[in-house]
Amino acid sequence: MRIHHLNCGTMAFGLVDHCLLVETRTELVLVDTGFGLGCVRDRGKMLGPSRFTLGVKLRESETAFRQIQKLGYDPRDVRHILLTHLDLDHSGGLTDFPEATVHVHGPEFRAATATPTLSERLRYRAQQWEHGPKWMVNEVEGGQDWFGFTTVRDLPGLPPEILAVPLAGHTRGHTGYAIDSGRGWLLHAGDAFLVDSTIDPEQPNTPFAVRVYEQGAIVRDAYRENQRRLRELRRLQGHQLSIINSHDPALFARSIGR
């Protein structure tokens with residue numbers, strides 16, 4: 001499988017919105033959508049006054065839709081979208097791919113669509129899915145082991161080289177995605193950590209400003225525990241897998257440079 005790294009939204013402080021376009025043998029798969037065409041054209045409706053969009057520079061050229069076209073593909077060939085979570089900067093392009101099956105972890109789907117708490121209402125934007133996506137809601141039962149992460153399952157309709165790796169904490173149902181490209185595993189860990197130094201196995205370091213931001217994690221104990229587990233994963237398996245996240249610009253730059 002071929003993996004393209006896309007920045008689908010330049011954010012405050014130089015942060016990126018790191019999404020993946022995966023070419024399987026038969027179709028295209030997106031991991032997160034970033035900000036979509038609707039966000040650019042009708043920011044008030046699609047994003048609202050949320051604090052999550054402060055400093056965002058919305059550009060149509062950065063949407064997944066336009067980048068897929070630039071690569072020479074038809075956006076209608078995106079058959080599956082894998083969401084790390086439903087924060088508005090990760091699902092803002094859902095309306096650009098109305099025929100795609102949208103995979104989301106059960107606890108996340110219920111948190112965003114049932115009775116979100118006040119803090120969750122600030123991060124979710126129901127207008128992004130009011131078109132009625134083809135949801136595929138996955139649970140953790142029946143999982144398998146992946147490098148010590150035991151609550152992992154295959155995704156219906158997708159090849160076994162793509163796995164969901166639940167990483168609760170940032171949100172209730174936050175999930176990473178592991179992809180075996182044939183040249184090793186790549187784990188997109190979403191917002192499980194914000195800067196790469198947090199999961200450095202030798203000298204972990206999280207800058208003060210990032211620690212303040214991380215206080216917004218919905219399940220803080222799980223958030224810290226999963227960061228510990230990711231450090232251990234990199235320490236033990238870093239020779240055969242790579243770990244990326246959604247917003248670290250240095251990680252994104254290294255990814256597109258490979």
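Partly exposed means a relative accessible area between the buried limit, under 20%, and the exposed limit, over 50%. Arg254 has 42% relative accessibility, so Arg254 counts as partly exposed. The model described here is predicted. Its open sheet has 6 strands, and the count of salt bridges comes to 15. The points below take the sheet, two helices packed on the sheet, two residues with positive phi, and a set of salt bridges.

**The sheet**

- The strand order is β1-β2-β3-β4-β5-β6, and the pairing is mixed.
- β1 (2-7) and β6 (134-138) are the edge strands, and each of them pairs on one side only.
- From one strand to the next, the twist averages 20 degrees.
- Strand β2 covers residues 18-23 and strand β3 covers residues 28-31.
- These two strands, β2 and β3, pair in the antiparallel sense over 4 bridges.
- Within this region, Glu23 stands opposite Leu28 in β3.

**Helices on the sheet**

- Helix α4 (residues 106-113) packs on the sheet and touches β5 (101-105) and β6.
- The direction of α4 makes about 95 degrees with that of β5.
- Helix α8 (residues 249-256) also packs on the sheet, where it touches β1 and β2.
- The direction of α8 makes about 140 degrees with that of β1.

**Positive phi outside glycine**

- Most residues other than glycine have a negative phi.
- Asp32 is not a glycine, yet its phi is positive, about 65 degrees.
- Asp32 sits in the loop between β3 and α1 (37-41).
- Asp32 has 0% relative accessibility, so Asp32 counts as buried.
- Phe147 is not a glycine either, and its phi is positive at about 50 degrees.
- The loop between β7 (144-146) and β8 (149-154) holds Phe147.
- Phe147 has a relative accessible area of 27%, so Phe147 is partly exposed.

**Salt bridge from helix α4**

- Arg110 and Glu139 form a salt bridge, with their closest N and O atoms 2.9 Å apart.
- Arg110 lies in helix α4 and Glu139 in the loop between β6 and β7, so the pair ties together parts that are 29 residues apart in sequence.
- Arg110 is partly exposed at 41% relative accessibility.
- Glu139 is partly exposed too, with a relative accessible area of 27%.

**Salt bridge from helix α8**

- Arg254 and Asp196 meet through their side chains in a salt bridge of 3.1 Å, N to O.
- Arg254 belongs to helix α8 and Asp196 to the loop between β11 (185-188) and α6 (208-213), so this pair ties together parts that are 58 residues apart in sequence.
- Asp196 is at 17% relative accessibility, so Asp196 counts as buried, whereas Arg254 counts as partly exposed.

**Salt bridge within helix α7**

- Arg228 forms a salt bridge with Glu225, and the closest N and O atoms are 2.7 Å apart.
- Both residues, Arg228 and Glu225, lie in helix α7 (residues 220-237).
- Arg228 and Glu225 are 3 residues apart, about one turn of the helix.
- Arg228 is partly exposed, with a relative accessible area of 41%.
- Glu225 is partly exposed, with a relative accessible area of 35%.

**A salt-bridge network**

- Salt bridges link Arg41, Glu60 and Arg66 in a network.

Definitions and conventions
Residues numbered from 1 in each chain as written. Predicted model: local features only at pLDDT ≥ 70, side-chain atom pairs only at ≥ 80, totals over all residues. Heavy atoms only, no water. Pairing = 2+ DSSP bridges. Axes fitted to C-alpha atoms, helices over the stretch in contact; angles between N-to-C directions. Contact = heavy atoms within 4.5 Å. Buried < 20%, exposed > 50% of the residue type's maximum accessible area, 1.4 Å probe, protein only. Salt bridge = Lys/Arg side-chain N within 4 Å of Asp/Glu carboxyl O.
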